[in-house]
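Here's a walk through a protein fold, taken one stop at a time. Keep the viewer open and turn the structure as you read.

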Amino acid sequence: MATSMEEDTHVADHGSFDLEAYISNYTGHAKIDRLLFIAERSAGKPLELEALRMAHDELKKTENTQRYKDVVARIEGRLGAGYTLDRVWMENTDRRSASKGERLESELQSFKAAMMKESIRMGHSDLGDWAYDRGDLQTAFKCYARTRDYCTTSRHVVAMCLAVIRTALELENFVHVANYIGKAESTPDVVNDPITHSKLKAASGLQLLRAKKFKQAARKLCEVSPEMGSSYSDVMALHDVAVYGSLCALASLDRSELRTKVISSIGFREILELAPEMREMVHSFYNSQYAAALRCLDALKPSLLLDMHLSDSVPQLYALIRHRALCQYVQPFSSVNLAAMAVAFNTAVGELEKQLAGLIMDGAISARIDSATKVLYASKADLRATTFAKVLAAGEAYCRDTRALLLRANLVQHDFMQSGPLGGRSKKDRLERSLYDMGGLSGGGLMFGMGGMGLGGRSMMV
């Protein structure tokens, strides 16, 4: 397990990583962002130049001249004359884009003057698209958000929310992401559109993953429908849903929830077919084949470290998954031989002992380790003895209260009373007072009615 960013970056250089197949799942900004992230994590490796070349080609199809200039500067002429700065293209693109922006702004002002509500909404949306294509995400965010006051149908509200969510994700403004997901989900009929509903669940899962709330992220991602397909490729692909959802589920869900939400879920099971390596790992983990699951996890680590949304969480997710595997392995046993357990986890006995000691100190495992014999003994309460003790205590309390009740009933039946300074009170009052005093002295704390014993239907503490 990597312990630093430098080690993670080194591990990420994987010769078998198929960049072209991986990046074909994405479109728009998501494609370029991921290519540049891969290039950054593969600095000095052949994968860096391949990613920069593909990012350069994609940017030439957009109007984002500033980002194109940055990529050319990062290439530094290492890809030949075809990947040097194209100033003619930049000037033409900037001129054409500036003209388009002025036209859209002029149209918006005329719509506002005419008080054309739908046209104003479309004007703000078009300006947002223009700014987004230019790479001006802050301006795009403001334009998309301004359309909210001019939305007249639930479809308009959902479209506005999706545009804001996409932009906020790129800005890494996850507070706005959560807020607009809530607004979209509260819109009527959104649950009847499985594609839109899945987009919102996917965005919510991504936002929770970035916040390292793995259990909530797993639950959201497992609700994504395979009907989403490639319709959200400008943000994330179905393959990402399978990978993110599986890792978060293994790290945070117990066995029963893992079965219901991942293994037995028809929708998520279909999504997992897009990532067969994740499917095999999940099934191995659930079937307690921990060595196979952890080997698969280690094999996937280089490619996972190249994922822009997942890379920062990989060390923590891996640690949580391994800890959960260790806890589940020792749970059914009263004692475990560390040598046999080390074989099951494909690790050294000394390293395994350190990990188990850490889990014991954290309270995740209730056990103790005999370092001499290399045996872990579970510290479990004797439930059978505890249950018998509770039953006996309850029986004794019942018998004691019953005897006290019978005694007091006999006292009343035989007209027993306290003699003394009760003076000229009536017989009934003296009897009630006597019983009250006796009850107070006994401290039994029982109530019983005296209505059937000629005491006026009163209840006394006896």
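Let's begin with N64, which is buried, with a relative accessible area of 9%. This is a predicted model, so every value here is computed from it. You'll find N64 in the loop between helix 4 and helix 5. What does N64 touch once you set aside its neighbours within four places in sequence? The list is L59, D133, R134 and G135.

Step forward from there and you're in helix 5, residues 65-75. T65, Y68, V71, V72 and I75 are its buried residues. They sit on the same side of helix 5, because they cover an arc of only 115° around the axis. The spacing has a general background: an α-helix has 3.6 residues a turn, so residues three or four places apart point the same way. What lies over those buried residues of helix 5? The cover includes helix 3 (28-41), helix 4 (46-59), helix 6 (87-113) and helix 7 (117-134). Just past the end of helix 5, E76 takes a positive phi of about 55°.

That phi value deserves a short detour. Most residues other than glycine have a negative phi. M115, though not a glycine, has a positive phi of about 55°. Look for M115 in the loop between helix 6 and helix 7. Is M115 buried or exposed? With 68% relative accessibility, M115 counts as exposed. E172 is another non-glycine with a positive phi, this time of about 60°. E172 sits in the loop between helix 9 (154-171) and helix 10 (174-185), and its relative accessible area of 49% makes E172 partly exposed.

Now back to helix 7, which we met as part of the cover over helix 5. Two packed helices are described by the angle between their axes and the distance between the axes. For helix 7 and helix 8 (residues 137-146), the angle is about 165° and the axes are 8 Å apart. That angle makes helix 7 roughly antiparallel to helix 8. The crossing of helix 7 past helix 8 is left-handed. On the helix 7 side, the residues in the contact are H124, S125, L127, G128, D129, A131 and Y132. Facing them from helix 8 are L137, T139, A140, C143, Y144 and R146. Sorted by class, this contact of helix 7 with helix 8 has seven nonpolar, four polar and two charged residues.

Further along the chain, stop at C222, in the loop between helix 12 (214-221) and helix 13 (238-252). C222 has 9% relative accessibility, so C222 counts as buried. How far apart are C222 and V262 in sequence and in space? They are 40 residues apart along the chain, with 6.7 Å from C-alpha to C-alpha. Not counting residues up to four places away in sequence, C222 touches K261, V262, S265 and F268.

Next comes another helix pair. Helix 16 (residues 276-286) packs against helix 17 (residues 290-304) at an angle of about 150°, and their axes are 7 Å apart. With that angle, helix 16 is roughly antiparallel to helix 17. Helix 16 passes helix 17 in a left-handed crossing. E277, M278, M281, S284 and F285 of helix 16 make the contact with Y290, A292, A293, C296, L297 and L300 of helix 17. By class, the residues in the contact of helix 16 with helix 17 are nine nonpolar, one polar and one charged.

Stay in helix 17 a moment longer, since L294 is there too. L294 counts as buried, at 8% relative accessibility. L294 and I321 lie 27 residues apart in sequence, and their C-alpha atoms are 8.7 Å apart in space. When residues up to four places away in sequence are left out, L294 touches R322 and F345.

Finally, zoom out to the whole chain. How many helices and strands does the protein chain have? There are 22 helices and five strands. Of the 462 residues in the protein chain, 41% are buried; N64, C222 and L294 are among the buried residues we visited. As for contacts between residues at least 6 apart in sequence, 56% join residues at least 24 apart.

Key
Residues are numbered from 1 along each chain as its sequence is written. This is a predicted model: local features need pLDDT of at least 70, side-chain atom pairs count only at pLDDT 80 or more; totals for chains, interfaces and linings use all residues. Side-chain values use heavy atoms; hydrogens and water are left out. Buried means under 20% relative accessible area, exposed over 50%, partly exposed in between (1.4 Å probe, protein chains only). Helices (H or I, at least four residues) and strands (E, at least two) are DSSP runs, numbered from the N terminus. The arc is that of the directions from the helix axis to the C-beta atoms. Contact means heavy atoms within 4.5 Å. Axes are lines fitted to C-alpha atoms, for helices over the stretch in contact, and angles run from 0 to 180 degrees between N-to-C directions. Angles under 35 degrees count as roughly parallel, over 145 as roughly antiparallel, 65 to 115 as roughly perpendicular and the rest as oblique. A crossing is left-handed if the near helix is turned anticlockwise from the far one by less than a right angle, and right-handed if clockwise. Ala, Val, Leu, Ile, Met, Phe, Trp, Tyr, Cys and Pro count as nonpolar, Asp, Glu, Lys and Arg as charged, and the others, Gly among them, as polar.
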